[in-house]
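Colleague: I should like to take a close look at a single part of this structure. Please treat it in one connected account.

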Amino acid sequence: MAEIERCAKERGAFLIQLQAVADDAHERFYGRLGYKNALNFVLKCKML
């Protein structure tokens, strides 16, 4: 993740968005890296 963040920043990015499963393991993993839940974003999906 650090390498991805470094490369993105070098290319002018100011934000990284990712999608993760809403469970404790992912919350801990990404939380330790400084990622927080976006309060203004909802992922919509429809099962076909």
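Is Y30 buried or exposed, and what is its relative accessibility? Please describe the aromatic rings around this residue as well.

Modeller: The model is a predicted one. In it, Y30 has a relative accessibility of 18% and therefore counts as buried, since the limit for that class is under 20%.

The aromatic pairs may be taken next. A pair of aromatic rings is described by the distance of the centres and the angle of the planes. The count of aromatic pairs here comes to 2. In one of them, the ring centres of F29 and Y30 are 4.8 Å apart and the planes stand at 85 degrees, so this pair is edge-to-face. Y30 also pairs with Y35, again edge-to-face, with 5.9 Å from centre to centre and 75 degrees between the planes. Planes over 60 degrees apart count as edge-to-face. Through these ring pairs, F29, Y30 and Y35 are linked into a cluster.

The members of the cluster may also be described by their exposure. Y35 is buried, with a relative accessible area of 18%, whereas F29 is partly exposed, at 40%.

F29 leads on to the surface. Together with M1, I4, I16, L18 and L33, F29 makes a nonpolar surface patch of about 480 Å². Of these patch residues, L33 lies in the segment after α2 (24-32). L33 is partly exposed, its relative accessible area being 38%. F29 thus belongs both to the ring cluster and to the nonpolar surface patch.

Terms used
Residues numbered from 1 in each chain as written. Predicted model: local features only at pLDDT ≥ 70, side-chain atom pairs only at ≥ 80, totals over all residues. Heavy atoms only, no water. Patch = residues over 30% accessible without salt bridge, like charges linked within 9 Å, V, L, I, M, F, W, Y side chains within 5 Å. Areas by Shrake-Rupley, 256 points an atom, 1.4 Å probe, with all protein chains shown as cover. Salt bridge = Lys/Arg side-chain N within 4 Å of Asp/Glu carboxyl O. Helix = DSSP H or I, 4+ residues; strand = E, 2+ residues; numbered from the N terminus. Buried < 20%, exposed > 50% of the residue type's maximum accessible area, 1.4 Å probe, protein only. Phe/Tyr/Trp six-rings, centres within 6.5 Å; stacked < 30°, edge-to-face > 60°.
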